[in-house]
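Please read the following report on one helix and its surroundings alongside the sequence and the coordinates.

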Amino acid sequence: LMMPRLNSLGSKLFHGDIDNILNDKTAEFIDGFVIPKVNTPEEYEYIESQVTEKEKKMGLAQYKFKLII
């Protein structure tokens with residue numbers, strides 16, 4: 001399994017992590033992401049929406065990537 005750790009949502013680096021880690025060359029090797037410091041269900045839903053949006057932009061199946069919190 002390959003599950004890179006993203007910076008927490010409160011970090012300025014979170015959004016860049018998704019874009020920098022997930023691309024056409026890496027998508028087939030990544031199974032999901034480890035997300036630290038998720039404090040509320042709303043934070044989880046937001047993170048999930050960001051990953052799902054990236055999947056859609058890349059033409060990948062929805063929920064291809066698992067999220068570990």
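In this predicted model, helix α2 covers residues 41–57, and because each of its 17 residues should add 1.5 Å, a span of 24 Å is expected, which agrees with the 24 Å that separates its end C-alpha atoms. After α2 comes Gly59, with a positive phi near 75°.

The buried residues of α2 are Ile47, Gln50, Val51, Thr52, Lys54 and Glu55. An α-helix has 3.6 residues a turn, so residues three or four places apart point the same way. The elements against which the buried residues of α2 pack are listed here.

| Element | Residues |
|---|---|
| α1 | 14–21 |
| β1 | 32–34 |
| β2 | 66–68 |

For the pair α1 and α2, the axes lie 11 Å apart and form an angle of about 30°; since angles under 35 degrees count as roughly parallel, the two helices α1 and α2 are therefore roughly parallel to each other. Their crossing, that of α1 and α2, is right-handed. On the α1 side the contact is made by Phe14, His15, Ile18 and Asp19, which meet Tyr46, Ile47, Gln50, Val51 and Lys54 of α2. By class, the residues of this contact of α1 with α2 comprise five nonpolar, two polar and two charged.

Within helix α2, Gln50 can be followed in further detail. Gln50 has a relative accessible area of 18%, and it is classed as buried because this value is under the 20% cut-off. When its neighbours within four places in sequence are left aside, Gln50 is in contact with Phe14, His15 and Ile18.

Note on methods: Residues are numbered from 1 along each chain as its sequence is written. This is a predicted model: local features need pLDDT of at least 70, side-chain atom pairs count only at pLDDT 80 or more; totals for chains, interfaces and linings use all residues. Side-chain values use heavy atoms; hydrogens and water are left out. Helices (H or I, at least four residues) and strands (E, at least two) are DSSP runs, numbered from the N terminus. The expected span of a helix is 1.5 Å times one less than its number of residues. Buried means under 20% relative accessible area, exposed over 50%, partly exposed in between (1.4 Å probe, protein chains only). Contact means heavy atoms within 4.5 Å. Axes are lines fitted to C-alpha atoms, for helices over the stretch in contact, and angles run from 0 to 180 degrees between N-to-C directions. Angles under 35 degrees count as roughly parallel, over 145 as roughly antiparallel, 65 to 115 as roughly perpendicular and the rest as oblique. A crossing is left-handed if the near helix is turned anticlockwise from the far one by less than a right angle, and right-handed if clockwise. Ala, Val, Leu, Ile, Met, Phe, Trp, Tyr, Cys and Pro count as nonpolar, Asp, Glu, Lys and Arg as charged, and the others, Gly among them, as polar.
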